[in-house]
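Ready for a few hands-on exercises? Open the viewer, try each task yourself, and then compare your steps with the worked solution.

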Amino acid sequence: MFSERNIWLCNPSLVEKLFTNSTKTNFFCRALSTNGFKELGMHKVGIGFNRDFESWKYNRRILNYTLTNIKVLKGYMNAVKNLFVEIEGYWKDLNFENNEESKEIDEFVIDFSQWMRRFITDLALNMNLGDHAFSMAGYYNFLCKNKKQRTSEIIESEKFIKSFVTWVKHIIFMTFCPSNFIRHYIPPISFFQLRFQSNYNWLTNEFSRIIQKRKQEIENVPLDKLDRYDVLNTLLTVNKVQELKGNNEMAIRSMNESEIFGVLLEFFVAGVETILSLTCFIVYYVCKHPSVKQKLIQEIDSVFPTTLPSSDIITYEKLMNNLPYCDAIVKETSRLKTNPPINPRELYEQDEIGGYTIPKGATVIASVDAIHLHKDYWEKPTEFIPERFLSNDYPLSMSQKLLTFGGGLRGCVGKQVAMVEVKTILVLLFRKYDIELVNENMDAKDKTYLLNSCSQLMIRLKPRTVA
Ligand code: HEM
């Protein structure tokens, strides 16, 4: 079980072979527990776990279109703005509850990581399924001294989110326990298997219900009359999209229910913990470095003057094109806290790397963390210096050694979405509040099993004067 050969690559020029655009690559498949995924049929749906090239190609084409579609990206930005209004309402209420005599909010302390976990979860459900989610509402209720009655909507939403979290654990379970025999027949492991399987069945039924309902809602609506640009709507209407037809006038075939289910499930795995951790670590590093914070605020204020309300002034074009320092901060944080820290591929046919012959079936791991923190590729590699991304003065190009989103054929399909989400949150936050760490000497608590995730970040927010 633990006897397979692993080859670790810590040199950007060797890793390039894994991140190629060539469809002839021998490194197409991710090295993940094949048995567990096969059992669930996940090896031939979606894209992240998919091992079937033709099926992956079809899904990837649709997702490339969906997640770079300007209307969808603007949808993400607007959803962040709306959820920010909601989260501020909860912060305000909790603050009044704690300081009943004071009418004005002076400053308040929150565990940013816990709030962001709910924020990004609600955002993911909102944008992927077009449904309003209530995990922030549930957390607010949990923190309230005078507990309010939990509505059926909150209870339903919590059940759904809990089921997703169990699904992420299911994946980790399958990864660390690849043997079908052990998973099914050896107690107590087999009990976990039963629990995970029943959760998976429940989730499948819920998705089926949601997809069917939406299909009916949009069946007779022409594409240009759709008023919502979430991911589910886009996936359900791909057969009508002109751009996807290319030179071929034939309509692309519709996605079936299990294909949509596969894609949406993996979005939850790929797009929540990564964004949440990146946002928290950015806030942590920016607060730790007052001169960086000052420059960031200056840039944000100059692009989005505080005399105008954020709902009007924050536009997609300005957000993506006019914030070079903010971009540099995102890159520098993702270099220091890489997610995922490694990128494992399974070799399809015998190949050669760095002069060595590697046998078919071996696992080749790009140690992205090691490359991101190596002194041969970065000056003062462990220090937080966003300015390094504003200079072009490097012997090795940035795209060769900054591997945050992987690269080539299987590079991250949600890269643009990630940038829109993270930058919108940063702009809203730093435009409105002066933020400090509660304890300057404390590190952001992070735990690494598969990911660098931030489990606690206590910050103090003082409102700035903003329209
Ligand atoms: C800060 C946020 C994110 C980071 C750091 C990140 C990082 C990555 C990395 C390193 C890979 C593997 C690339 C490779 O093997 O070359 C990947 C793949 C992927 N990511 Fe992301 N990701 C992020 C956000 C997202 C979001 C928001 C989504 C979805 C909306 C997403 C969906 C995916 C999918 C589906 C794949 C598999 C692509 C394929 O196999 O073809 N990611 N991501």
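The exercises below go from the ligand to the pocket, the cavities, a sheet and some backbone details.

Before you start, note that this is a predicted model, in which local features need pLDDT of at least 70, side-chain atom pairs count only at pLDDT 80 or more, and totals for chains, interfaces and linings use all residues. Residues are numbered from 1 along each chain as its sequence is written, and side-chain values use heavy atoms, with hydrogens and water left out.

**Exercise 1. The iron atom**

Find which protein atom is the donor to the iron atom of the ligand, and where its residue sits.

Step 1. Look for donors, meaning N, O and S atoms within 2.8 Å of the metal (3.2 Å for Na, K and Ca); water is not among the atoms, so sites may look incomplete.

Step 2. The protein supplies a single donor, SG of C412, at 2.3 Å from the iron.

Step 3. Trace the chain around C412: this residue belongs to the loop between α19 (398–401) and α20 (415–432). Helices here are DSSP runs (H or I) of at least four residues and strands are runs (E) of at least two, numbered from the N terminus.

**Exercise 2. The shell around the ligand**

Describe the residues that surround the ligand and their polar contacts with ligand oxygen.

Step 1. Collect the residues with a heavy atom within 4 Å of the ligand. There are 27 of them, and the closest are R30, R60, R345, R410 and C412.

Step 2. Search for polar contacts (pairs of N or O atoms within 3.5 Å; within protein, one must be able to donate a hydrogen and the other to accept it, and residues adjacent in sequence count only if both atoms are side-chain atoms). The side chain of W56 places a polar atom 3.0 Å from a ligand oxygen. R410 also uses a side-chain N or O atom, 3.0 Å from an oxygen of the ligand, whereas G407 uses a backbone N or O atom, at 3.0 Å.

Step 3. Assign the shell to elements: α3, α12 (257–271), α13 (273–288) and β4 (343–346) each give two or more residues. The largest share, four residues, is from α12.

Step 4. Sort by residue type, with Ala, Val, Leu, Ile, Met, Phe, Trp, Tyr, Cys and Pro as nonpolar, Asp, Glu, Lys and Arg as charged, and the others, Gly among them, as polar. The shell divides into twelve nonpolar, ten polar and five charged residues.

**Exercise 3. The second largest pocket**

Work out what lines the second largest pocket.

Step 1. On a 1 Å grid over the protein atoms alone, a pocket is an open set of points with protein on both sides within 12 Å along at least five of seven lines, a cavity is a set where a 1.4 Å probe fits but cannot get out, and lining residues have an atom within 4 Å of a point.

Step 2. The volume of this pocket is about 620 Å³, where points are joined across faces, edges and corners and volume is the space filled by probe spheres set on them.

Step 3. The lining has 29 residues, with L402, T404, F405, G406 and K415 closest to the centre. α17 (324–336) is among the elements that give two or more residues, and α17 gives the most, with four.

Step 4. By type, the lining holds 14 nonpolar, ten polar and five charged residues.

**Exercise 4. The cavities**

Compare the linings of the largest and second largest cavities by residue type.

Step 1. The whole structure has three cavities of 30 Å³ or more.

Step 2. The largest has a volume of about 80 Å³. Its lining of eleven residues has R30, L32, F37, F49 and R51 closest to the centre, and divides into three nonpolar, five polar and three charged.

Step 3. The second largest holds about 70 Å³. Its lining residues include Y284, L437 and M458, and the types are seven nonpolar, two polar and two charged.

**Exercise 5. Sheet and backbone**

Lay out the four-stranded sheet, then find a cis peptide bond.

Step 1. The sheet is open, in the order β1-β7-β4-β2, with mixed pairing. Strands pair if DSSP finds at least two bridges between them.

Step 2. β1 (6–9) and β2 (29–30) are the edge strands with a single partner each, so one side of each has no neighbour in the sheet.

Step 3. β4 and β7 (363–366) pair antiparallel over four bridges, and E346 stands opposite T363.

Step 4. The bond between N339 and P340 is cis, with omega about -10 degrees; P340 lies in the loop between α17 and β4.
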